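Hi,

Here is the structure I said I would pass on to you. Have a look at it first, and then read my notes below.

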Amino acid sequence: MFCCALIVAVAVLLLDGTAATNQTFTFSGEMNITSCPITYYGHKYDKVYVGFNSSRFSICFNDRFTPGTQNDCILTSGGTADRGALAVLTKDIPTGSGIHKLLPNLGNAGKCVNVIRLKNSQQAHVEQIELGNFGAQAILAIRTYPGYTSVNVEADSQVNGLSVSKQTFQTNQTNKGVIADVSGCRLSGLVYDSNTTVRDPTTCTTVSCNVNGTATAVSDCGPLEDCQGNGSCVLNTMCTVTGSTVIDFTGRIHSVPDRCGYTLMKSSSVPGFQVLGVFQERRRRDTSFLDRVILKLDEARVQISLEQGSRLYLNKKLLVVNTTQVLHGVELSRDQTGVSAKFSAWNSTVSVHFDGHTAQIHLRGSKAGQVDGLCSNFNGSVSEMKVSALSASGCESQYEDDPDSTINCNATTQWCHTLEQAPFTTCNKHINPKSFIDACSRTLCKYPAVDGLKCQFLEAYAAACSQHSNITIEGWRASCGCSSVAQTQCQDLSCSSHEFCGENSISRETQCLCRAIFASKYRLASAFGEPVVCQQGSASLNMANCLLAERGIDYSVLHLNDPACKGQMEEQTHMVTFEFNSNTCGALVMANGSEILYKNTIMTPNSTSFGLIHRHDSVHIDFSCYYSQPHDMALSIKLKDSSVKQEISSGQWNFSLSIMAYTDALRHEAIQANTSMQLDQRVWVEFKAEKVDDQMLSLVTESCWATSQPSPESSLRYDLIINGCPNPADDTVRVEGNGVGLSNYFSFRMFQFTGSEGDVFLHCTVDLCVRNGDSCKRDCSQAARRRRSVMPRNKVETPALITLAWTY
């Protein structure tokens, strides 16, 4: 504000000094004031631009005055003047002078003054304007003379084109002289008077401006709070997690080095609620990406997982959310941009949005409270925030892959700095782009710009600006060449735990691709999956569909030797299984010395199946199994027990049951404990029941099976008789006289479990059947199998179990 003072007092102090050479001008001019620079509201200038128009004389510091432009100017009434001269006077003016008393905020001594004398065309002295140098401060003095004919004198001090001090004086005042302090500080576009402290309710800050033109601002709000523009502060902060980078609530960066689970946020203002993140690798083993976000409600023991493909899980159960749905106080929603969750408690709200790549965690409320996690302003190690329950074994292992020679880090860094250019500049003053630029550069200098990653960090910044500050950055996709389609391509694609959603390098289609650590062992062995699993007479091969897909192979067109035998893909794991036994799917069985080999081939259809063209590589994968034929001495087999006999109680019946093995069909040559047999040698096993009425009852052998352990309930089991008939999968089994009388028998060829050299235990269940014609007799023809009941209706209540064993 201007103060009234006698200009004569100023002149007396200054005119004693030495005047420099005059610089004259007519209508306008550019004046050099290097010998007496002026610090005008915190900015120092060594030249001024002066000029007249019909009603105004202007002194500007950046350029000639043009209305509506951002310039630092002093505008006054010029009266009838149209020309002038500049003289520079030097004189020390100590603090405590009359000027200092008139301007109490003036804290520095004076050094010199720029005196601009204005005249009219008759060379009459009309007005004098003085700009005094007081170090980092400056003063303005105005005096009019009798030739000044206007009624009033205006003085308008402008900074960046805006008035910061404007006043109108009567000529009876300016005839004596007026002076003003034109020094101060600038901060965030605002101007503050020197040597003052002001609280600004619009920004919730207390600003202090010292005599050196330096302003310091102290915010009344905490680091996680925003000013409401009325002097009050509220919690309003955003944490962005994209790639392996966490940009915390204060804008600092934390990098996750592995593939473990971490606490992202928990706050005392929202008790019992946590946001957790799990990271996984993609194409490289040494770079991790946010894979899923988990919301944990301690009191309800609930975990809600936000996952790729816009999937939501409640305690590992898939949720179908088409519109907004509230579960356990959490509001869940799904749209084309991803999945969102919102939780409110204790006057605070946490909003989480996950698009499959980036998570935005927005915390709002009445106060911040204590905030922990990678999103908080903590100074510890990232490992301190690890969550053991979400961290798989070995997730902390570190890898170092070969550098990608296709990456130009300088070009990548320049691209990331796009966030400092239009149209992103509309948000720069609300969210500092530096952390996003650093995150972008760190990732893209190491990891190839595929799967839309080049635009991911721009998308993350635009989303953070929209959610935190309600500012939409218009047109950024078109200006940066980023398609909105890429954002939604993975929305409805469900990948397994060893896959991620990305772009196939061959077809350029979006699909589930193999994670690097999962695929590395198979790529090293040039394999598509696990080794062949061999069992007695059967084989199976499991292959990862993502390994096939990255070679452009469609599993659904593959088949075995028999085109009807195709692979089956498991829904959750996306593993493709091909399996066959020795007499199905066109398997080839052959003897090779002491080995019996059975093999098959996975192949693509004949080229004629595709017509004139085909789009898949030809596939030809042989896989086989074998088992050894016995040598006469080395593989001899002996029964541990030559026969077994036991007393059985079943309902009202008490009877004796025996089992005995023979080497001949007439069952004359009983096998003794020292009898040596060979693998594949046929053996006959006979059952007899005694001490019962042979006119009323018959003996029925219901089932027989072999195990590698003594218990009949062992998991490794091979069936010989099922429901009184031979196992249709084993054509060596024959059953005779079953259900005709009190004895029956069956035969089979001796065998040993593959990979086992221990005992083989034969278990059989037998029933007594009350005769009613031929109702107890078992008919094992195919037609009879289709129409008969599983068990005879007239069987005795409890079947008997009897066991026989053999060994090498």
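Let me begin with histidine 763, which sits in strand β56 (residues 760–770); helices and strands here are DSSP runs, numbered from the N terminus, with H or I over at least four residues for a helix and E over at least two for a strand. Before going further, please note that this is a predicted model, where local features need pLDDT of at least 70 and side-chain atom pairs count only at pLDDT 80 or more, while totals for chains, interfaces and linings use all residues. Residues are numbered from 1 along each chain as its sequence is written, and side-chain values use heavy atoms, with hydrogens and water left out.

**Histidine 763**

Is this residue, histidine 763, buried or exposed? Its relative accessible area is 0%, so histidine 763 is buried. For the cut-offs, buried is under 20% relative accessible area, exposed is over 50%, and partly exposed is in between, using a 1.4 Å probe and protein chains only.

Histidine 763 also meets a part of the chain from elsewhere in the sequence: alanine 706 is 57 residues away in sequence, yet the C-alpha to C-alpha distance is 6.2 Å. If you leave out residues up to four places away in sequence, histidine 763 touches a list of residues including Ser703, Cys704, Trp705, Pro710, Leu801 and Thr803 (contact means heavy atoms within 4.5 Å). Thr707 is on that list too, and the side chains of histidine 763 and threonine 707 share a polar contact of 2.9 Å. A polar contact is a pair of N or O atoms within 3.5 Å; within protein, one must be able to donate a hydrogen and the other to accept it, and residues adjacent in sequence count only if both atoms are side-chain atoms.

**The disulfides**

How many disulfides are there? Taking a disulfide as a pair of cysteine sulfur atoms within 2.5 Å, the count is 19. Here are some that I looked at.

Cysteine 416 and cysteine 440 are joined, S to S 2.0 Å. This pair links distant parts of the chain, 24 residues apart, with cysteine 416 in helix α4 (residues 409–416) and cysteine 440 in helix α6 (residues 434–444). The link of cysteine 416 and cysteine 440 is left-handed, at -70 degrees about the S-S bond, and both cysteines are buried.

In the disulfide of cysteine 495 and cysteine 512, the sulfur atoms are 2.1 Å apart. Cysteine 495 is in the loop between α9 (485–488) and β38 (499–503), and cysteine 512 is in strand β39 (residues 510–514), 17 residues apart. Their link is left-handed, with -90 degrees about the S-S bond, and cysteine 495 and cysteine 512 are buried.

Cysteine 769 bonds to cysteine 776, S to S 2.0 Å, and this link is left-handed with -80 degrees about the S-S bond. Cysteine 769 has a relative accessible area of 0%, so it is buried; cysteine 776 is buried as well, at 3%.

Why does cysteine 480 have no such bond? The closest cysteine sulfur, in cysteine 482, is 5.4 Å from that of cysteine 480, so it is too far for a bond. Cysteine 480 counts as buried because its relative accessibility is 14%.

**Serine 351**

Lastly, serine 351 lies in strand β35 (residues 348–354) and is buried, at 10% relative accessibility. Its side chain makes a polar contact of 2.9 Å with that of arginine 364. Beyond neighbours within four places in sequence, serine 351 contacts Ala341, Lys342, Gln360, Ile361, His362 and Arg364.

Cheers
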